[in-house]
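Open the model in your viewer and keep the sequence panel beside it. We will go from stop to stop, selecting as we go.

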Amino acid sequence: MSPPEPRSFGELADRLQRPASVAPVLPGLALPHLQVAEALAAWGPVPGAALADLLDASGTERTRGLDAALEALADHALVWPDGEGLLRMATPLRQAWDSPLGLDAPLTRLLANTTSEELRHMLVALGIPSPGTTKKHRLTALLEHHSNPERVAAVITSAPASTRKLLERRASHQGGQARSPARSITFRAPSADSEPGARWALERGLLVQDRYSGYGSTRMPAEVTLALRGVGWHAPFDPVPPVVRTASVTSAEVDREAAAAATAFAAHAASVLATCSAAPPVLLKSGGVGTRELSRISKAAQCDDIVLRLVLETAYDAGLLAQDGDRVAATDAYDTWAEREPAEQLTALLHTWRTLPLTPAQARDEDGKVLPALAGAPPCGGCVQAREGLLAAAAEFPAHRGVHSPAELGPMVAWHRPLAEQLPQDATPFATAIREAELLGVVARGCLSPIGAALRAEDTEAAETLASACERLLPAATRAARFGADLTAVVTGTPSARLAALLDTVADKEVGGTASVWRFSSTTVRRALDTGRTADAIAADLGAVAVGALPQPLLYLINDSARTHGRVRIAPAACVIHGEEAALLAELVTHRRLADLGLRVLAPTVLVSRTPLDKTLAALRAAGYAPVAERADGTVRVEKTRHRRAAAPVPALPGQRQRSVPTVTQMIPVTVDLSTLAARLRAAPPTLPAPDPFGTGVPYGTDTEEIVAAYAKNLAYSDVRQLAHAVDVGTAITVEYVAASGNPTVRILSELVLDPPYLYAWCHLRDDQRVFALSRIHGIMPG
């Protein structure tokens with residue numbers, strides 16, 4: 001019989017990322033550490049020799065790997081040897097696995113509630129003489145028999161064909177039968193008799209069934225499963241990382257590629273944040289920056305979508321951007337950041353990227369739909385571990401060696417951090433995290449760059465080390481530009497904030513990155529003139545940052561644009577006052593009581609006012625003048641007094657009676673009986689009534705209801721009560737949910753864990769653990 005497939009760590013990762021996780025250190029362990037811990041959870045406490053035999057740690061390399069794994073677990077106080085020579089593990093850690101190694105509980109635990117008479121029947125069926133009349137003696141005899149794989153194999157050989165087939169299938173797929181309280185709730189499960197061959201196995205203790213329920217799925221003791229897997233079966237154990245193809249690379253090549261990537265990213269980051277500072281992106285109603293705004297910023301900053309998302313998420317977490325109403329605007333910290341050198345700017349973003357509890361470049365969800373940026377995704381510890389695993393994997397290579405292809409780093413990341421988050425959009429494992437590291441200059445030529453090595457350092461001087469590495473690889477900000485006769489300005493490297501602001505005012509940016517290009521035109525020069533600057537001032541400012549003299553075509557363009565600028569002027573006016581008597585209009589301008597109108601002389605017989613027509617008309621009349629108002633076509637506006645009238649009554653439907661509406665409200669005096677009022681006050685309860693949160697006269701029933709109601713703003717009170725009841729009792733529910741992409745969906749959820757503002761649950765549609773924002777739940781139905 002073939003051994004079962006190794007179990008995926010996806011379910012374990014979901015359990016550990018819940019709020020009630022009992023093993024927060026496990027996500028930071030490598031694959032062999034978790035394999036050793038799972039083996040101990042399945043078969044411990046055991047002697048070290050028995051554990052080595054279970055893991056087949058016989059060779060020198062495998063023995064060394066087992067010792068290293070045990071040492072790492074001991075450093076975290078998860079595993080330790082006791083005085084009897086047994087390896088023991090922390091009791092809560094055992095709960096991280098439902099069925100470690102695909103094994104159910106041992107026979108001792110499964111038969112704890114079995115009666116002595118039932119044990120006697122099992123011994124008789126097996127042909128074992130009863131050693132005594134007590135339950136202890138009979139259980140000991142049964143355990144001794146089932147602990148011998150040869151004896152169990154002999155019994156199974158003599159079993160009917162249907163029983164052998166059932167037991168072999170259960171032993172092969174035991175790992176996929178993880179049980180959970182929510183999934184075991186059924187109205188009526190099929191009896192064990194409905195499974196062919198199950199009765200024969202139950203009579204001999206090869207399968208065990210709950211004696212209280214009498215129905216439901218049967219369970220196979222761990223001793224039986226191991227006997228069926230065979231003597232040569234061993235638990236999975238991979239003490240060394242996977243072998244990947246490597247290529248020769250020099251330190252100079254790594255430094256050069258890392259410097260180019262980091263310089264380009266720093267320039268793109270400055271451009272993206274400058275664009276957001278000038279025109280803050282608008283947030284979607286469902287939250288986040290949508291595709292339209294991302295396209296606008298990407299076009300203005302001349303960068304790809306992955307770079308844009310990476311900049312926005314890291315800058316937001318670093319405090320350079322913040323939500324301001326329905327927009328995301330730059331903060332005061334951005335102004336300070338923009339004045340720094342590119343190395344300092346990149347250092348701040350790198351520190352944020354290292355600990356960011358999400359994957360910034362994730363652009364699609366599990367359905368393949370586009371996700372908005374800055375959507376406020378729930379914290380993702382597995383995303384942080386993906387970057388930690390990448391740094392650890394890239395640091396494994398010897399000097400002057402790197403992977404042949406960056407995609408080959410994925411299996412190594414999975415070995416270093418098997419519980420790390422893998423995105424559904426990745427065609428190869430951890431492709432997005434690897435691409436982010438390449439864009440930031442953390443990984444270059446398939447190995448760790450000086451920036452990545454400094455970022456991985458965990459000593460107290462890590463900040464200075466990273467800053468020094470960035471300063472060594474990134475050039476200083478460029479403060480000069482080369483102006484060409486083709487009306488362009490070229491800046492190599494990252495332009496300083498002052499240079500970029502000057503060129504953005506006078507020209508349009510065409511190309512960004514390691515070299516930026518701005519182009520001048522009559523439109524861009526006129527835009528600078530509109531800010532109040534003169535042609536001489538513009539030429540002087542450009543000449544101050546130019547390498548050499550400004551070309552004549554650029555000077556001609558500036559002067560020609562200035563000559564035509566302002567030939568036609570437009571004055572703001574709310575209304576126009578005109579008349580045939582110039583002296584009268586001059587008197588209006590100098591009248592003290594009319595000073596607040598903001599009157600201005602355009603011609604001897606024409607005035608403009610910054611105050612609207614009706615207010616100007618009333619002010620002139622209050623000052624003793626007799627003006628008249630005109631329509632837009634110049635005719636005199638005739639003013640008629642309009643009397644307020646009630647709205648026309650709604651006609652009654654046929655067969656209905658018209659409801660009369662009183663036109664005059666009559667004040668009816670109310671007589672208050674003081675004796676009656678005093679009696680009511682005495683009968684009133686001394687305490688205030690319970691809060692009525694929804695105005696229905698019904699207070700919160702439980703604390704869970706109050707917590708759910710505080711975050712699930714889109715739910716009615718009846719839906720709040722259903723959701724709170726499902727959380728408290730552990731039943732399944734159906735929710736109407738709006739995803740971060742804005743698409744509505746209906747999901748069946750179970751195993752609910754409330755962690756405001758999120759709800760952790762098992763999604764039956766995805767057959768996986770998922771996190772749901774309470775604010776996005778719009779309806780509740782019974783499961």
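Which residue in β19 is the bridge partner of Leu754? Select Leu754, then look across to β19: the partner is Leu759. Keep in mind throughout that this is a predicted model.

**Stop 1: β17, β18 and β19**

Widen the selection to β18, residues 744–755, and β19, residues 758–763. The two strands run antiparallel and are joined by five bridges. Now pick out the link between them: a hairpin connects β18 to β19 through two residues.

Add β17, residues 733–738. β17 is also antiparallel to β18, with six bridges between the two. For a landmark, select Ile733, which stands opposite Leu749 of β18. β17 and β18 form a hairpin as well, here with five residues between the strands. Stop at Gly742 in that turn and check its backbone: phi is positive, at about 95°.

**Stop 2: the four-stranded sheet**

Move to β10, β11, β12 and β13. They make an open sheet, and the order across it is β10-β11-β13-β12. The pairing is antiparallel. Strands of a sheet pair through backbone hydrogen bonds, so turn on the backbone display here.

Which strands are at the edges? Select 482–483 for β10 and 508–511 for β12; each of these pairs on one side only. Then go inward to β11 (488–492) and β13 (515–519), an antiparallel pair with five bridges. Thr488 is a good place to start, with Arg519 of β13 as its bridge partner.

**Stop 3: a helix pair**

Select α25, residues 535–544, and α26, residues 552–564. Their axes come within 9 Å of each other. The crossing angle is roughly 155°. That is over 145°, so α25 and α26 count as roughly antiparallel. Rotate the view to check the hand: the crossing is right-handed.

**Stop 4: the cavity**

How many cavities of 30 Å³ or more are there? The count is one. The largest cavity holds about 70 Å³ of space.

To find its lining, select these residues:

- Thr359, Cys383, Ala386 and Arg387, which are among the lining residues
- Glu421, Leu423, Asp426 and Phe430, also part of the lining
- Thr432, Ala433 and Glu436, which complete the lining

Color by element next. α18 (381–394) and α20 (431–440) are the elements that give two or more residues to this lining. Then color by class: the lining has five nonpolar, two polar and four charged residues.

Definitions and conventions. Residues numbered from 1 in each chain as written. Predicted model: local features only at pLDDT ≥ 70, side-chain atom pairs only at ≥ 80, totals over all residues. Heavy atoms only, no water. 1 Å grid on protein atoms, 1.4 Å probe; cavity = no way out; pocket = protein on both sides within 12 Å on 5 of 7 lines; lining within 4 Å. Points joined across faces, edges and corners; volume = space filled by probe spheres on them. Nonpolar A, V, L, I, M, F, W, Y, C, P; charged D, E, K, R; others polar. Pairing = 2+ DSSP bridges. Axes fitted to C-alpha atoms, helices over the stretch in contact; angles between N-to-C directions. Parallel < 35°, antiparallel > 145°, perpendicular 65-115°, else oblique. Left-handed = near helix turned anticlockwise from the far one by under 90°.
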